Amino acid sequence: MQTRRLGRTGLEVGVVGLGTEHLATDRENVDTVFDMGVEAGLNYVDLVYNDPSGDYGIYWDEIGPAVRRHREELVLALHWGFIYHEPIDQCLRSFQEALDLLGNGYAEIAMLTMVDTEELWQDWARKGIERLARFQQDGRVGYIGMSNHSVQVAHMAVESDLIDVLMFPVNLYQHPEDPARAALLETCAEHGTGVVAMKPYYGGVLLERDGAPTGITPAQCLLYALSQPIATTVPGVRDPAQM
């Protein structure tokens, strides 16, 4: 697989990564997906669920062994907080517990989850960055990233130089002929912010609508995303067939 540099992190990542939000949590399923991906050169994995002792324990029970078995070959993005933007102390507890399950207690990227409003950026995200900076000082986190759907808020974060990686939707549905999205990617390049393209199939809408195929293929979707100034894209597969 071809690789690209993830902005100023200097990390080399395969152009196709793995989103795990929709991965069916069955041990054999997870093991097969990881084995197939790593064998093909995939190394960037987004670990979206972040509470091993809470609601997402089953996720970690099934995905943890596969991550640890391939740990030396992977670049891991471990999320800080979930879409509900939990209190900082809860984020801290969950993040620490998840770090301990990665095999070496280290995540290449700590990913602030879904910072889509200016209020979240100015308050919750910045408080999170302060805590994550301590993990960096302790050698347990390499870089700080942020996932986001808002062009305006993404610009704020990138221009602050407080994040090293931006995870943002780049796909055939949302991106073409949108000057604001194109300008955002240019701003990322100017600041050395690595871009991870999420939602390359726009949640499957690009592939199927109203139960019928659209005629657009997964390869066409990935090709479009990779024609943009991004480092990697993270389709969220369910099983080996989708992988």
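A residue is called buried when its relative accessible area is under 20%, exposed when that area is over 50%, and partly exposed in between, using a 1.4 Å probe and protein chains only. With that in mind, let's walk through this structure. This is a predicted model, in which local features need pLDDT of at least 70, side-chain atom pairs count only at pLDDT 80 or more, and totals for chains, interfaces and linings use all residues. Residues are numbered from 1 along each chain as its sequence is written, and side-chain values use heavy atoms, with hydrogens and water left out.

**Helix H4**

Helices (H or I, at least four residues) and strands (E, at least two) are DSSP runs, numbered from the N terminus. Helix H4 covers residues 118-137, which is 20 residues. From first C-alpha to last, H4 reaches 27 Å, close to the 28 Å expected at 1.5 Å a residue; the expected span is 1.5 Å times one less than the number of residues. H4 also has a kink of about 35°, centred on alanine 125. The bend at a residue is the angle between axes fitted to the seven residues ending there and the seven starting there.

Alanine 125 is also one of the buried residues of H4, together with Leu120, Trp121, Trp124, Gly128, Ile129, Leu132 and Phe135. What do the buried residues of H4 pack against? Their partners are strands E5 (75-80), E6 (107-112) and E7 (141-147), plus helices H3 (88-99) and H5 (151-160). After H4 comes glycine 139, which has a positive phi near 75°.

**Glutamates and a lysine to look up**

Here are four charged residues with their places and relative accessibility.

| Residue | Place | Relative accessibility |
|---|---|---|
| Glutamate 62 | helix H2 (57-69) | 13%, buried |
| Glutamate 108 | strand E6 | 11%, buried |
| Glutamate 177 | loop between strand E8 (165-169) and helix H6 (179-191) | 84%, exposed |
| Lysine 199 | loop between strand E9 (194-198) and strand E10 (208-209) | 34%, partly exposed |

Contact means heavy atoms within 4.5 Å. Leaving aside neighbours within four places in sequence, glutamate 62 is in contact with Thr25, Asp26, Arg27 and Val30. On the same terms, glutamate 108 is in contact with Leu11, Arg71, Leu74, Val75, Leu76, Gly142 and Tyr143. The C-alpha atoms of glutamate 108 and valine 141 are separated by 5.7 Å, although the two are 33 residues apart along the chain.

Most residues other than glycine have a negative phi. Glutamate 177 is not a glycine, yet its phi is positive, about 60°. Lysine 199, also not a glycine, has a positive phi of about 55°.

**The largest pocket and helix H7**

A pocket is an open set of points on a 1 Å grid over the protein atoms alone, where a 1.4 Å probe fits, with protein on both sides within 12 Å along at least five of seven lines; lining residues have an atom within 4 Å of a point. The largest pocket has a volume of about 960 Å³, the volume being the space filled by probe spheres set on the points. Of its 42 lining residues, the closest to the centre are His22, Tyr201, Pro235, Gly236 and Val237. Strand E3 (18-19), helix H1 (27-40) and helix H7 (218-226) each give two or more residues to the lining.

In H7, Cys221, Leu222, Tyr224, Ala225 and Leu226 are buried. These buried residues pack against strand E1 (3-5) and strand E12 (232-233).
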